[in-house]
Amino acid sequence: MEFESSNSQTKSLYKFMLMMGIVFVAFNLRPAITSVGPLVAMIQEDLGLMHWSAGLLTSLPLIAFSFVSPIVPKLSNRLGNERALILGLVILFMGIGLRFISMTFFLFAGTLFVGVGIAICNVLLPAIVKGKFPLKVGLMTSVYSTSMGLMASLASGVSIPLASGLNLGWGNTLIIWGIPAVLAIVIWVYLAKTKGETQAVIKNNRSHDHTIWRSPLAWQIALFMGFQSFQFYVVIGWLPEILHNKGASMETAGWMLSITQLVGLPFSFFVPVIAGRLRSQQWLVVLLGLCSAAGFGGLLLGSSYSVIMASILFLGIGLGGSFPLALTFLGMRARDARQAGELSGMSQSIGYILAAIGPLFIGFLYDFTHLWTLPLITLIIITGLMIVFGVFAGRDKYV
């Protein structure tokens, strides 16, 4: 009886640490990127960057996402999920450290490392959730997507106060986000050493001749994720500049970006839970897409405080709900953990190619026109495409 009780306690501790591990990995998936947007002007002034090259600071991690994502299931097959996650977190921490050096080369090299590290964790989390919590995919996706959004919002909001208010500068401000990476590494080292319960989710499963790449539904999910991410990373990278152009101070613009993400947190939690209880998620796609379109439309047509705040709220709802919905599709449209891992790798690869184009292309449009009109019209068109592919992805089918 004493042995059974001890074994039960060990399993309970492992389960608790697994949930905490998922949450702490989620804490690391956005701050190293979202903390850059409010600091772009400061970085540009210090290093003499053009708008298009500053946009590359947001696009470069996404380029890494697109190239690294397809190989993550193979990496997991060799190392196991726990060790693969640790590797991703270590690479992320190295990238954050490199950006501390105030030189253009190290800024971009560190940003590339950040992208590689996050890409590994991005792909593995949906597979781990599908494998460890197969009956609670929606709930666990809610938990980690909300954790992700919370830290992303915090990073956006405190960047300017830390860099300017506390005179830390942009380099010291960016390196602070290495702390969550260290904490996550500690938790996953424990999980990797725990015997019995820990099993590699994708281990010993092959890709079966890449059949996932021939699935129309997988492509629809990938394009829905891509167009949504195009919007999200443009907002992360350029919303402070757009708001500053309309008269807001950079500190205020940074906090408004933070508010955009805070507004999305409840939707980040509840949308996957609601989606998990529905056979078809098509109406959710349309509703969230219309909110995003209203947000970009308000920024295009309005300049008053009330219109800008309404736009911020609509963007928060649309972006806050559509990204976790895309993550939920990765688990719901797959039959098992192996397929979820493959779908995650494929969708994030194709999706983030489109996402990587976003900040760079929008920065180019602004450099070309010196107005935010054409970039905002482009974002409204992208929203329409997201809705179209999301409606297909929302059907009750398996890849």
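**Helix 15, its end, and a lone salt bridge**

H370 is exposed, at 55% relative accessible area. In this predicted model, the residue sits in the loop that links helix 15 to helix 16 (373–393). The backbone at H370 is a bit of an oddity: phi is positive, at about 60 degrees, although H370 is not a glycine.

Next comes helix 15 itself, taking a polar residue and then a nonpolar group. Q348 belongs to helix 15, and here the side chain is tucked away: with a relative accessibility of 2%, Q348 counts as buried, since the cut-off for that label is under 20%. What does the side chain of Q348 find as polar partners? One is the side chain of S344, which is joined to that of Q348 by a polar contact of 2.9 Å. Another is main chain: a polar atom of the Q348 side chain lies 3.0 Å from the backbone oxygen of N122. N122 also turns up in the wider list of contacts made by Q348, which leaves aside neighbours within four places in sequence. That list reads F65, S66, S69, N122, V123, P126, M225 and L330.

I357 is also a helix 15 residue, the helix running over residues 337–369, but its setting is another matter. At 42% relative accessibility, I357 counts as partly exposed, because that label covers values between the 20% limit for buried and the 50% limit for exposed. I357 is one of the members of a nonpolar surface patch, together with I353, F361, F364 and F368. Between them, these five side chains' residues offer about 510 Å² of accessible area.

Finally, the charged pairs. How many salt bridges does a search of the whole structure find? The count is one. The partners are D396 and R279, whose side chains meet with an N to O distance of 3.1 Å. D396 lies in the segment after helix 16, while R279 lies in the loop between helix 12 (250–276) and helix 13 (282–301), so the salt bridge ties together parts that are 117 residues apart in sequence. As for solvent, the two ends fall into separate classes: R279 is exposed, with 66% relative accessible area, whereas D396, at 44% relative accessibility, counts as partly exposed. The split follows from the 50% cut-off, because a residue has to be over that value to be called exposed.

Definitions and conventions: Residues are numbered from 1 along each chain as its sequence is written. This is a predicted model: local features need pLDDT of at least 70, side-chain atom pairs count only at pLDDT 80 or more; totals for chains, interfaces and linings use all residues. Side-chain values use heavy atoms; hydrogens and water are left out. Patches are made of residues with over 30% relative accessible area and no salt bridge: like charges are joined within 9 Å, nonpolar side chains (Val, Leu, Ile, Met, Phe, Trp, Tyr) within 5 Å. Accessible areas come from the Shrake-Rupley method with a 1.4 Å probe; for residues, only the protein chains shown count as cover. A salt bridge is a side-chain nitrogen of Lys or Arg within 4 Å of a carboxyl oxygen of Asp or Glu. Helices (H or I, at least four residues) and strands (E, at least two) are DSSP runs, numbered from the N terminus. Buried means under 20% relative accessible area, exposed over 50%, partly exposed in between (1.4 Å probe, protein chains only). A polar contact is a pair of N or O atoms within 3.5 Å; within protein, one must be able to donate a hydrogen and the other to accept it, and residues adjacent in sequence count only if both atoms are side-chain atoms. Contact means heavy atoms within 4.5 Å.
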